Amino acid sequence: MVVRMRHTRSHTRNRRSHHALKTAQFVACGKCGSQNPPHTVCSNCGSYKGRVVIDMAGKIEQKQLRKKGKHKEAKEKSEKDLDPAELSKK
Ligand SMILES: [Zn+2]
């Protein structure tokens, strides 16, 4: 066994005094009023500081498409719309 520095109950308890859990903090969204962690984009409407950052309607639409299993078809369609000749021009 390795000889270690003197380790008292006081030292142990002093160290563990910082181990307490804190309750989660939430802030109401300015646009929709849903509760979110502070300094994060709203998970309900996708806005931050009164500005829409994430298109949540589009995300929900994509999720529904994925559930139906049609996302592959949609992807293929979008790929068909883009001609390789046009892409090379860009
Ligand atoms: Zn919101």
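This report describes a predicted model of a protein chain with a zinc ion, moving from the overall layout to the metal site and then to single residues.

## Overall layout

The protein chain contains four helices and four strands, and read from the N terminus these elements follow the order α-β-β-β-β-α-α-α. Of the 90 residues in the protein chain, 9% are buried.

Among the contacts in the protein chain that have a separation of 6 or more, 0% come from residues 24 or more positions apart. A search for disulfides through the whole structure returns zero.

## The zinc site

The zinc ion is held by four sulfur donors, namely the SG atoms of C29, C32, C42 and C45, at 2.3 Å. Along the chain these donors are spaced as C-x2-C-x9-C-x2-C. Two of the donors show how distant parts of the chain are linked here: C29 belongs to the loop between β1 (27–28) and β2 (35–36), whereas C42 belongs to the loop between β2 and β3 (47–48), and the pair is 13 residues apart.

The angles subtended by the four donor atoms around the zinc ion run from 107 to 114 degrees, and the arrangement is therefore tetrahedral, since four donors are given that name if all angles lie between 85 and 135 degrees. For comparison, the ideal angle for four tetrahedral donors at a metal is 109.5 degrees.

The accessibility of the coordinating cysteines can be given for three of them. C42 counts as buried because its relative accessibility is 3%, and C29, with a relative accessible area of 14%, is buried as well, the limit for a buried residue being under 20%. C32, in turn, has a relative accessible area of 37% and is therefore partly exposed.

## Around S34

S34 lies in the loop between β1 and β2, and its side chain makes a polar contact of 3.3 Å with the side chain of N36. When the neighbours within four places in sequence are left aside, S34 is in contact with V27, A28, C29, C42 and N44; of these residues, C29 and C42 also coordinate the zinc ion.

## Positive phi angles

Most residues other than glycine have a negative phi, and against that background two residues of this model deserve a note. H39, in the loop between β2 and β3, has a positive phi of about 60 degrees although it is not a glycine. With 72% relative accessibility, H39 counts as exposed, because the exposed class begins over 50%.

K49, which is also not a glycine, has a positive phi near 55 degrees, and it is placed in the loop between β3 and β4 (51–52). The relative accessible area of K49 is 77%, so K49 is exposed.

## Helix α2 and the residue after it

Helix α2 covers residues 56–68, and its 13 residues should span 18 Å at 1.5 Å a residue. The C-alpha atoms at the two ends of α2 are 19 Å apart, which agrees with that expected span. Just after α2 comes G69, where phi is positive, at about 85 degrees.

Notes. Residues are numbered from 1 along each chain as its sequence is written. This is a predicted model: local features need pLDDT of at least 70, side-chain atom pairs count only at pLDDT 80 or more; totals for chains, interfaces and linings use all residues. Side-chain values use heavy atoms; hydrogens and water are left out. A disulfide is a pair of cysteine sulfur atoms within 2.5 Å. Buried means under 20% relative accessible area, exposed over 50%, partly exposed in between (1.4 Å probe, protein chains only). Donors are N, O and S atoms within 2.8 Å of the metal (3.2 Å for Na, K and Ca); water is not among the atoms, so sites may look incomplete. Four donors count as tetrahedral if all angles lie between 85 and 135 degrees; four count as square planar and six as octahedral if opposite donors are over 155 degrees apart and all others between 65 and 115; anything else is irregular. A polar contact is a pair of N or O atoms within 3.5 Å; within protein, one must be able to donate a hydrogen and the other to accept it, and residues adjacent in sequence count only if both atoms are side-chain atoms. Contact means heavy atoms within 4.5 Å. The expected span of a helix is 1.5 Å times one less than its number of residues.
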